[in-house]
Amino acid sequence: SLLNKIHSKRSDVVPKTDLIVVASLVDKVPNIAGLCRTCEIFSAKELVVSNAKIVNDALFKSVSVGAADWMNISQVLQEDLFDYLLNMKSKGYKIIGLEQTSKSKSIFKYKFPIDGKVVILLGIESEGIPAGLLQVLDDCVEIPQFGILRSLNVHVSGAILIWEYIKQLAMKSDNTITGTGAPN
């Protein structure tokens, strides 16, 4: 079909990174849609959600502006996240949680792995990453905040960490980000 041809042509032009963003704990449609749009813009390999049918939701379609047409979106239920993360770790991915903990590393100092194989786990809105999943993480990264409020919206914080990943990936490979796709 024409759509398949467009998809295959686009994947030739815009290679995907080895970044997987796990948003299975996120339940607000605008946040998931915004994350889908961010993942597509920065050529993430995959977005993982708790219900893949969300792409059919009218609000999702409006906020994501068609990003789901270009993204690999898979479904992992919350109760299966622990095993999913262990499986990804066995495949050589570094599992990074975006969370404020006593052992979190500042985004200002955090260095992503050179090979770029990263899974970013995002937490539940207003609650964060459950304690049972913290033990699977290789690292926790936090975004320092200087205002009165102590947390950013999950989509906003996810977008900031995704951008930092892309920026470091471009610098490590001595490439520039051209604005037309993943680092060259």
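Biologist: Where is the place of Ser43 in this protein?

Modeller: Good place to start! This is a predicted model, and in it Ser43 sits in the loop between helix H2 (29–41) and strand S2 (46–49). Its phi is near 55°, a positive value in a residue other than glycine.

Biologist: Is Ser43 buried or exposed?

Modeller: Buried means under 20% relative accessible area. Ser43 has a relative accessible area of 1%, so the residue counts as buried.

Biologist: Which other loop residue has a positive phi although it is not a glycine?

Modeller: Take a look at Val65, with a positive phi of about 40°. Val65 belongs to the loop between helix H3 (58–64) and S3. Exposed means over 50% relative accessible area, and Val65 is exposed because its value is 53%.

Biologist: Let's zoom out. How many helices and strands are there in the protein?

Modeller: You can find 6 helices and 7 strands. Following the sequence, they come in the pattern α-β-α-β-α-β-α-β-β-β-α-β-α. The protein has 184 residues, and 43% of them count as buried.

Biologist: What order do the strands have in the sheet?

Modeller: First, the general idea: strands of a sheet pair through backbone hydrogen bonds, either parallel or antiparallel. Here, an open sheet of 7 strands has the order S3-S2-S1-S6-S4-S7-S5, with parallel pairing. Strand S3 (73–75) and strand S5 (105–106) are the edge strands, and each pairs on one side only.

Biologist: How many bridges join strand S1 to strand S6?

Modeller: There are 4 bridges between strand S1 (residues 19–22) and strand S6 (residues 118–121), and these two strands run parallel. To see one of them, find Leu19 and look across to S6, where its bridge partner is Val118.

Biologist: Now for pockets. What volume does the largest pocket have?

Modeller: Its volume is about 370 Å³. The lining of the largest pocket has 21 residues, and the closest to its centre are Glu99, Gly128, Ser151, Leu152 and Ser157. Strand S7 (139–142) and H6 are the elements that give two or more residues to that lining.

Biologist: Leu152 caught my eye. Which residues form a nonpolar patch on the surface with Leu152?

Modeller: Val156 and Ile160 join Leu152 in that patch, and together the three have about 200 Å² of accessible area. Ile160 is in helix H6 (residues 154–172).

Biologist: Why is Ile160 called partly exposed?

Modeller: The term covers values between the buried limit of 20% and the exposed limit of 50%. Ile160 has a relative accessible area of 33%, so it is partly exposed.

Note on methods: Residues numbered from 1 in each chain as written. Predicted model: local features only at pLDDT ≥ 70, side-chain atom pairs only at ≥ 80, totals over all residues. Heavy atoms only, no water. Patch = residues over 30% accessible without salt bridge, like charges linked within 9 Å, V, L, I, M, F, W, Y side chains within 5 Å. Areas by Shrake-Rupley, 256 points an atom, 1.4 Å probe, with all protein chains shown as cover. Salt bridge = Lys/Arg side-chain N within 4 Å of Asp/Glu carboxyl O. Buried < 20%, exposed > 50% of the residue type's maximum accessible area, 1.4 Å probe, protein only. Pairing = 2+ DSSP bridges. 1 Å grid on protein atoms, 1.4 Å probe; cavity = no way out; pocket = protein on both sides within 12 Å on 5 of 7 lines; lining within 4 Å. Points joined across faces, edges and corners; volume = space filled by probe spheres on them.
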